[in-house]
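Welcome, and please get your viewer ready for a short walk. Keep the selection tool at hand, and take each stop at your own pace.

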Amino acid sequence: MTSRIPRDSRLRLVRPRPLAAAPRAVNQRRPHRAAPRPPEGTPARSELARMARSGLADAARVARWADTALGPGRGSATADGKATLSDATAEQAARELGLTTAKVRADWDTARLAGLVEVHGGTARPGWRLRAWNRDDSAVLRGWVALFDAWSLAHPEPAGQEPAAVAEVVSAMPQVLSFLQLSAGPVPVAQLLDLLEQRVTELRTERCEVPYGPRLEPGTPGAQPAPDATADTPLAPLLDWALHALASVGALTCGDGHATLTPLGSWAVWVKLEQICVAAQSPAGNIEQSAEDMLRGCAQLRPNAARAEYRAWLAARPVGSAVAELLGAARGEDALLRGLAFEALRVVGAPAEPDVRAVLDEPTLRPYALLWLAEHDGADAEDAHEVLTRQEATWLWVDTAAAVADHGEAPLLVRHLESAVQPTVPALLDEVRAVGHPRTVQVLVALAAAHPDPALAKAVRRAAFQVHTGGS
């Protein structure tokens, strides 16, 4: 008895579907949360974007110059490989743009902080936001919020200040900004200083540790360290620095002993407060879970619901530690978590790029990282897979099949067969056997059991046996 389907039947080439988009047999009746509205009087997004474009016009000008003058083979952006503009480049830009070198350096730093330009080693390249600058209001506003988040870098603190005190003030400023936003008008700087002092006192109390046992004289082995020198640091100069730094990025204005948030600053603070509220109301209740448990909780969610959960989880954590935790989960044995971890990293966006680029040498993560970077660099999601070599695409196919075999249904695994880059089943089996994925045998056995064509299933079982025994 022979099958009506030829053994080497052509495979229809389709783009792999994200696992999170696979149909689920789960009842997901969830109440829809209405999109929050900004406070009354907040300008429309188009007007906010116009303000952001105006405030960042000089930085965008320098970024465009760098795109033209410092492209591949035309010049080096930095002298130290750390994004510091070299003297020669700064002087060249100053001549061509009619600016001072100090202004060029300031605009260059602003462009980097806003994601308009990116530096990798000694090479500068335009950020994706610069490409979308004139047509995408969301890209513009994200760039401005990135600069707002980096206000303490945009305007360095005064010399001679205690680093610990500076860090305390930076940590306390969100509460000061929230008070300014809720006040919706000018607030006396003296009142803000009282609030800052209260918040810094709370921070110091929170980290205070009560020593046990007898106290020893300072200098004696085992003695407790001397009292924190930051306790006597006056905060008024640091508040003045913080307010002027925020004014330099366009978040507020200072004058006559008062501070007032600009429309952009008020909107940005409201956005941050909304993120905190979303985190507190974690849609699926995974806000306090580890990355691995959170991703498992998202496995049964539809894509939009999963992204909302990722945003809530990320909003409750520092970006650096969240990215590290997601990559740690991706390194595990569960292929489903690997794919979902990179979906969560897509929500992180640009801040995750250095860490994602750093895992390119890890075979398990390389295909996922390449796709992530391609999409981050502006490639269409439908075309991003073209950055993969044939071997990398095959490895990713097996890894995705492993996730489907472990967590999906048999029909989904059969449909996954259609997403292979190889034109025939024999070619696919040959390359799958050669790629050396640790789950190859399990994937082929599961595929053989799920496929309705007996002849094809037999060929897949034979391939699984040959991989298992090391035969050919």
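This tour of a predicted model goes from strands to charged side chains.

**Stop 1: a strand with two faces.** Select strand β5, residues 258-261. Which of its side chains are buried? A259 and L261 point to one face and are buried, while H258 and T260 point to the other face and are not. That fits a general pattern: in a regular strand, side chains alternate between the two faces of the sheet.

**Stop 2: the neighbours of β5.** Now add strand β4, residues 252-255. β4 and β5 pair in the antiparallel sense, over four bridges. Look for G255, which stands opposite H258 in β5. The two strands form a hairpin with two residues between them, and D256 in the turn has a positive phi of about 55°. Next, show strand β3, residues 187-188, which runs antiparallel to β5 and is joined to β5 by two bridges. Here P188 has H258 as its bridge partner in β5.

**Stop 3: pairs of opposite charge.** Side chains of opposite charge can pair when their charged atoms come close. How many salt bridges does the structure hold? There are 20 salt bridges, and you can visit some of them now.

Select D87 and R105: they form a salt bridge, with the closest N and O atoms 2.6 Å apart. D87 sits in helix α3 (residues 87-97) and R105 in helix α4 (residues 101-113), so this pair links distant parts of the chain, 18 residues apart. D87 is exposed, with a relative accessible area of 53%, whereas R105 is partly exposed at 27%.

Move on to E168 and R204, whose side chains meet in a salt bridge (2.9 Å, N to O). E168 lies in helix α8 (residues 163-183) and R204 in helix α9 (residues 189-206), so the pair ties together parts that are 36 residues apart in sequence. Is E168 buried or exposed? E168 is buried, because its relative accessible area is 4%; R204 has 21% and counts as partly exposed.

For a pair within one helix, pick E353 and R357, which meet in a salt bridge (2.6 Å, N to O). Both lie in helix α16 (residues 353-358), four residues apart, about one turn of the helix.

**Stop 4: a negative patch.** Finally, select D380, E382, D383 and E386, which gather in a patch of negative charge on the surface. E382 is in the loop between α17 (366-376) and α18 (390-407), and at 46% relative accessibility E382 counts as partly exposed.

How values were computed
Residues numbered from 1 in each chain as written. Predicted model: local features only at pLDDT ≥ 70, side-chain atom pairs only at ≥ 80, totals over all residues. Heavy atoms only, no water. Buried < 20%, exposed > 50% of the residue type's maximum accessible area, 1.4 Å probe, protein only. Pairing = 2+ DSSP bridges. Patch = residues over 30% accessible without salt bridge, like charges linked within 9 Å, V, L, I, M, F, W, Y side chains within 5 Å. Areas by Shrake-Rupley, 256 points an atom, 1.4 Å probe, with all protein chains shown as cover. Salt bridge = Lys/Arg side-chain N within 4 Å of Asp/Glu carboxyl O. Lys, Arg positive; Asp, Glu negative; His and termini not counted. Charge placed at Lys NZ, Arg CZ, Asp CG, Glu CD.
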